[in-house]
Amino acid sequence: MIEVKNLTKRFGRITAVDNVSFTVNDGEIVGFLGPNGAGKSTTMNMMTGFISSSEGTVVIDGYDILEEPEKAKKRIGYLPEIPPVYGDMTVSEYLDFVCGLKKVKKAEKKEMIEEILSSVRLEEVKDRLIKNLSKGYRQRVGLAQALVGHPGTLILDEPTVGLDPKQVLEMREVIRGLGEKHTVILSSHILQEVSAVCDRVIIINKGKIVASDKTSALSDKIVGNRVMLEIKGGEEEAREAFESLEEVVSIEITPGEESLEITAEGIEGADIREALYEVCREKGFVILVMKPVDISLEDIFMKVVDGSMEEELIKAAKAEAESEAAEEEEESGEGETEEEAGEESKTEITESYSADIYTAEIGEKIEIIRDGEEPGAQKGEASEEAAEEEEENDGDL
């Protein structure tokens, strides 16, 4: 398991990574997405201990990457964007060299190298010089070195960058296979790749995590108000009936040979499927198809990065929080009236939430960072640490 908590990295006045928190469970394949300069590689470098963080912690299987680096790093296999390979070595020689660096026991070397060569499909080129290999094979050699020592966690930074379509497909197959035995974090600009390989996506923008969930869960938060219908009925009658609905803001009707294809969009946050069904039932329209309009990972990515999805996610989070608060109040039965409970819940939600969005674990709702709460706590902790350090220095003097 990987636990990243309040991770921050500053380079002078520039904050490259800003208070990032997330958890990756054992056996997950997680896609780490973001535009150029969003902070993906910097976050990965801190997770692997390649650079230190300004604030925050990274814990790998219970070991802090800075406090117990040797134990933590033994559990990580890292493939940077440019594979750290030596061109004048053969593939087998290079893997033997990496085994030495990672202190693999001599008795285990041969079997481990053979197993790794097989898992990343390098058997046929194991005796060739790395400098004579294609880009795709060099990427696989880089992936092979990350597997030396059988780490439980693999962190892969742009593993398919620069590969041709055939090599990309082959690398995806390799990564899917590795996901059966390893926890994998995969950084990529190729969104189709993330959709095809990953169980969950984390989207980072301007150093902050703006969304984290399954792709389907993210899209479910905004697709309820966009619905495609295929019905049998008259075009004018259908248009008049659907446009009369208060929840519907726009209707597009495309006549077919024997049916009408209708795309209806509702007001923000509204799920209009039930209202559409009721109209069809009342007017006698035969429903052939009704389904939410699919939203691709590309659409979600663009909405999150440009901020247009932010309000929708906030509304979904607030609605869920209100529902949970109401359920808890009902279960507690402490004698408050419904009106008092509703007002208290509403006030608490309004005061507590801001627009920075993150989710800590898979399947959880989109949560909103509490204004000022955590930063204040961090500030207090930092002040206490500074005071203790000053006392120690005074004692040394």
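A residue is called buried here when its relative accessible area is under 20%, and exposed when that area is over 50%. The structure is a predicted model. By that cut-off, Gln167, Val168, Met171, Arg172, Val174, Ile175 and Leu178 of helix H6 are buried. They cover an arc of only 165 degrees around the axis, which places them on the same side of H6. The model also contains an open sheet of six strands, and strands E3 and E8 of this sheet are among the elements against which the buried residues of H6 pack.

**Helix H6**

- Helix H6 comprises the 14 residues 165-178; at 1.5 Å a residue it should span 20 Å, and its end C-alpha atoms are indeed 20 Å apart, so the expected and computed values agree.
- On the other side of H6 from the buried residues, Pro165, Lys166 and Leu169 are exposed.
- An α-helix has 3.6 residues a turn, so residues three or four places apart point the same way.
- The buried residues of H6 pack against three helices, namely H4 (106-119), H5 (135-147) and H7 (191-197).
- They also pack against the strands E3 (29-33), E7 (153-157) and E8 (183-187).
- At the start of H6, Asp164 places a side-chain oxygen within 3.0 Å of the backbone nitrogen of Lys166.

**The six-stranded sheet**

- The strand order in the open sheet is E6-E7-E8-E3-E9-E10, and the pairing is mixed.
- Strand E6 (76-79) and strand E10 (208-213) stand at the edges; each has a single partner strand, so one side of each lacks a neighbour in the sheet.
- On average, neighbouring strands of this sheet are turned by 15 degrees against each other, direction ignored.
- Helix H5 packs on the sheet, where it touches E6 and E7, and the direction of H5 makes about 165 degrees with that of E6.

**Strand E8 and its partners**

- Strand E8 is mostly covered, with five of its five residues buried.
- Thr183, Ile185 and Ser187 point one way from E8, whereas Val184 and Leu186 point the other way, and all are buried.
- Strands E3 and E8 pair in the parallel sense over four bridges.
- Ile29 has Val184 of E8 as its bridge partner, and Val30 stands opposite Ile185 in E8.
- Strands E7 and E8 run parallel and are joined by five bridges.
- Asp157 has Ser187 of E8 as its bridge partner.

**Loop residues with positive phi**

- Asp61 has a positive phi of about 50 degrees although it is not a glycine.
- Asp61 is located in the loop between strand E4 (55-60) and strand E5 (63-64).
- Asp61 counts as partly exposed because its relative accessibility is 33%.
- Lys206, likewise a residue other than glycine, has a positive phi near 55 degrees.
- Lys206 lies in the loop between strand E9 (200-205) and E10.
- Lys206 is exposed, because its relative accessible area is 71%.

**Thr8 in strand E1**

- Thr8 belongs to strand E1 (residues 2-11) and is buried, with a relative accessible area of 3%.
- The C-alpha atoms of Thr8 and Gly56 are separated by 6.1 Å, although the two residues are 48 residues apart along the chain.
- The side chain of Thr8 reaches the backbone nitrogen of Asn19 at 3.0 Å.
- Not counting residues up to four places away in sequence, Thr8 touches Thr15, Val17, Asp18, Asn19, Met46, Ser53, Ser54 and Glu55.

**Asn45 in helix H1**

- Asn45 lies in helix H1 (residues 40-47) and counts as buried, because its relative accessibility is 16%.
- The side chains of Asn45 and Tyr78 are joined by a polar contact of 2.8 Å.
- Apart from neighbours within four places in sequence, Asn45 is in contact with Phe50, Ile51 and Tyr78.

Definitions and conventions: Residues numbered from 1 in each chain as written. Predicted model: local features only at pLDDT ≥ 70, side-chain atom pairs only at ≥ 80, totals over all residues. Heavy atoms only, no water. Helix = DSSP H or I, 4+ residues; strand = E, 2+ residues; numbered from the N terminus. Expected span 1.5 Å × (residues − 1). Buried < 20%, exposed > 50% of the residue type's maximum accessible area, 1.4 Å probe, protein only. Arc of directions from axis to C-beta. Contact = heavy atoms within 4.5 Å. Polar contact = N/O pair within 3.5 Å; in protein donor to acceptor, adjacent residues only side chain to side chain. Pairing = 2+ DSSP bridges. Axes fitted to C-alpha atoms, helices over the stretch in contact; angles between N-to-C directions.
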